[in-house]
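Here's a quick tour of one chain in this model, what it's built from, and where it meets a neighbour. Have the viewer open while you read.

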Amino acid sequence: MEGILEITGGVFMVLGAVSLLVASIGLYRMPDFYNRIQIGTKASTFGASLSIVGVALIFPGWIPKLLAMLLFILFTNPISSHIVGRTAYFTNVPLSKRTKVDRLKEMSPGHLKKVKTKD
Amino acid sequence: MLIVLASVLGIASMVGAYFAIHSKSLTVAIIATGVVSLISSILFLLLAAPDVAMTEASIGSALTSAIFFLTLNKIRQTNG
Amino acid sequence: MGKKTMIALITLALAFVIYPLYQSYNGSETLKDVGQYYIDNGVEETGAQNLVTSVVVTYRGLDTLGEVTILFLAASVISFFLSFSKNDRIKSRSIRSVTEILTTSTQVLVPMIFMFGVYIFVNGHLTPGGGFQGGAVIASGIILMFLSNPRFKLSHKVIQFVESTSGIVFVLIGAAGALMMDGDFLSNKIPGFGFGEVGSIISAGAIPVIYTFLGLKVGAELSNVLGVFVESQSEK
């Protein structure tokens, strides 16, 4: 029984590693910054989660800590890449030439302006 | 196996250090410094020093980078 | 003789000097006397499961006090020098509007990060980590607060209170060991702080108490440095 759990955990970890590999290939292949950041975040979050699930199957005693780690990764990775992407957009990092829609520009023109505030 | 991992990380940190010194953009240099400390924190972990690794990860890559960015912003503001 | 040739020559000379060191180096398999002493007697003498903590807080407690003093001096000097630039600043900063995602996630994440920092320094005698690491983690939570709300201001009164109180408590605990038990300064032997069972959270004498105050002090100091840096940002 233990053997099955270990093999399943190993399979999960290999899947996670493959996902991370896809992420790194995507970082190289994608045309512009925004595509790179989205593949970097999505695939690497997925890969890290899969690896953590694999470790949880192999070492069931660590499950509480691994769960905390998983939650933290799922929380912080998308948020940080959201902020990085947004900052890149506002500091005029160029979009790819093949970009068809730019929702952030359509949304509200005032949104793009720097907001002057006094404090 | 461990020595391969350590060598790969060491080479990666050397590449990061090269970027930190020679990159044209200061932002890239700051990020490269953060990467170097992150990699060295993993190396500390491999050398069985988790305390040092935690200090390096939190101070070296988070706090110093933040302070460098704030300083860079201030310098840009004063220089126009 | 170009610059690059010089650099190559210097590198070669360095390699020539350093190579014998590398050649004669063999990693020591056994510990030196001091390390062996810590491993043999550390757990009985301090009751801490984490030997690094017992060295940092008890055996080399005075050095830790010195480190905290250096950190305090650095923070004070930074706030002193950055306060000069405050006078002529114009109080308008251009701030990009912060998204709701960031503000909401900050509200969720910052308590978690603070709790993690507190966990690190409260468990300093059991698991790796301690006051410095926990304090740094708390300060990185403060970075997130500054990012999500650029107009957020740290209360200097609270920071000063936390910082000075924990410094004083740290020294007082150390002095209590010296005065009451006739031991040494910061010797971890204080009446009322039993050693307890090794590995439980209430154990190791005064180490958890000292580390808690150390963590608060370091966290307050690093947050103060960050706060001063953020406050000195201005735009003409």
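Chain B is an all-in-a-row helical affair: 3 helices and 0 strands, and reading from the N terminus its elements go α-α-α. Keep in mind that this is a predicted model.

For overall dimensions, the C-alpha trace of chain B covers about 50 × 25 × 10 Å along its principal axes. Of the 80 residues in chain B, 25% are buried. As for contacts, take the pairs in chain B that are at least 6 apart in sequence: 43% of those contacts join residues at least 24 apart.

Now for a backbone detail. Which residue other than glycine has a positive phi, near 60°? That's A48(B), with phi near 60°. As background, most residues other than glycine have a negative phi. You'll find A48(B) in the loop linking α2 (26–46) to α3 (50–78) of chain B. Is A48(B) buried or exposed? A48(B) counts as exposed because just 8 other C-beta atoms sit within 10 Å, and the cut-off for exposed is 12 or fewer.

Finally, the meeting with chain C. Chain B puts 14 residues into that contact, and chain C puts in 19 residues. Here's how the chain B side, the one touching chain C, splits by class:

| Class on the chain B side | Count |
|---|---|
| Nonpolar | 8 residues |
| Polar | 4 residues |
| Charged | 2 residues |

So on chain B you have a helical chain with 3 helices, an exposed A48(B) in the loop between α2 and α3, and a side facing chain C that includes 8 nonpolar residues.

Conventions. Residues are numbered from 1 along each chain as its sequence is written. Chains are lettered from A and ligands numbered from 1 in the order in which they are written. This is a predicted model: local features need pLDDT of at least 70, side-chain atom pairs count only at pLDDT 80 or more; totals for chains, interfaces and linings use all residues. Two residues are in contact if their C-beta atoms, placed from the backbone, lie within 7 Å. Ala, Val, Leu, Ile, Met, Phe, Trp, Tyr, Cys and Pro count as nonpolar, Asp, Glu, Lys and Arg as charged, and the others, Gly among them, as polar. Helices (H or I, at least four residues) and strands (E, at least two) are DSSP runs, numbered from the N terminus. A residue is buried if 20 or more other C-beta atoms lie within 10 Å of its own, exposed if 12 or fewer, and partly exposed in between; C-beta atoms are placed from the backbone.
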